[in-house]
Amino acid sequence: MEPSVTDLRHFQHGNLPEGFRQMLIDVHADAYADQMDDPFHQRFAWFVDHWTGMDGFSCVVAYDEDEPVGFAYGAPLAPGREWWRSTAYEPNNGYSSTYAVSEVMVRPSWRKQGIADRLHEALLKERTEDLAVLLVDVTHPKVQALYETWGYARVGEQQPFADSPVYAVMVKDLRD
């Protein structure tokens with residue numbers, strides 16, 4: 001089945017349209033509808049505000065006509081604050097500038113069409129950092145396996161918040 005989504009729109013810090021924040025929150029609420037009783041998921045608006053306020057924030061949103069169906073976003077991490085620092089991972093030859101992929105999500109009605117892959121690829125296409133890093137819930141091995149097909153390797157685990165899941169820390173070399 002051909003994906004019905006052909007429109008990927010790029011957004012960045014300092015140039016976000018009116019309603020952008022709420023659109024991200026609404027897509028998240030649909031994507032995680034079965035988990036919205038979890039206080040961690042209920043704080044998503046805080047994460048949106050945190051990430052969209054970061055210098056270097058970038059986001060790609062997939063649309064089916066005018067309907068937002070998924071997005072991927074992130075931002076560069078400050079030197080010394082890279083998520084892989086809590087692991088034994090050592091970047092090759094000191095190439096350590098890191099872009100954090102904070103979110104990749106697709107609403108349920110549009111899943112299994114390759115949209116997440118397209119969003120992720122579009123998000124990283126123009127990045128100049130050496131590495132990309134993301135976190136994936138350790139109880140979701142299929143998601144971790146998907147990220148491995150995208151070139152990520154698991155380098156450790158961390159729990160960034162007391163009420164968050166334990167995450168696998170996954171790193172991808174962007175210099176290829």
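## Two helices that cross

In this predicted model, helices H1 and H3 are oblique to each other, because an angle counts as oblique when it falls outside the roughly parallel, roughly perpendicular and roughly antiparallel ranges, the last of which begins over 145 degrees. The angle at which helix H1 (residues 20-31) and helix H3 (residues 44-52) pack is about 135°, and their axes lie 10 Å apart. Those two values are given together because two packed helices are described by the angle between their axes and the distance between the axes. The crossing of H1 past H3 is right-handed.

Which residues bring the two helices into contact? On the side of H1 they are Phe20, Arg21, Leu24, Ile25 and His28, and these meet Phe44, Ala45, Val48, Asp49 and Thr52 on the side of H3. Sorted by character, the residues of this contact comprise six nonpolar, two polar and two charged.

## A glycine inside a strand

Strand S3 spans residues 67-76, and Gly70 is part of this strand. Is Gly70 buried or exposed? Its relative accessible area is 0%, so Gly70 is buried, the cut-off for this class being under 20%.

When neighbours within four places in sequence are left aside, the residues in contact with Gly70 are Val27, Val60, Val61, Ala62, Met105, Val106 and Leu119. Another residue to compare in position is Val104, which is 34 residues away from Gly70 along the chain, while the C-alpha atoms of the two are separated by 7.6 Å.

## The buried residues of helix H4

Helix H4 covers residues 115-125, and its buried residues are Ile115, Leu119, His120, Ala122, Leu123 and Leu124. What covers these residues includes several strands, namely S1 (7-12), S2 (58-64), S3, S4 (98-106), S5 (131-137) and S7 (167-173). One of the buried residues of H4, Leu119, has already appeared above as a contact of Gly70.

## A glutamine in helix H5

Gln144 belongs to helix H5, which runs over residues 141-149. Because its relative accessibility is 12%, Gln144 counts as buried. Apart from residues up to four places away in sequence, Gln144 touches Val136, Arg154, Ala168 and Met170.

## The annotated region

According to an unreviewed UniProt entry, residues 6-175 carry the annotation "domain: N-acetyltransferase". Over residues 6-175 the model has 26% of the chain in helix and 31% in strand, and the C-alpha atoms at the two ends of this stretch are 27 Å apart.

Notes. Residues numbered from 1 in each chain as written. Predicted model: local features only at pLDDT ≥ 70, side-chain atom pairs only at ≥ 80, totals over all residues. Heavy atoms only, no water. Axes fitted to C-alpha atoms, helices over the stretch in contact; angles between N-to-C directions. Helix = DSSP H or I, 4+ residues; strand = E, 2+ residues; numbered from the N terminus. Parallel < 35°, antiparallel > 145°, perpendicular 65-115°, else oblique. Left-handed = near helix turned anticlockwise from the far one by under 90°. Contact = heavy atoms within 4.5 Å. Nonpolar A, V, L, I, M, F, W, Y, C, P; charged D, E, K, R; others polar. Buried < 20%, exposed > 50% of the residue type's maximum accessible area, 1.4 Å probe, protein only. UniProt positions renumbered as here; feature names shortened; annotations may be inferred.
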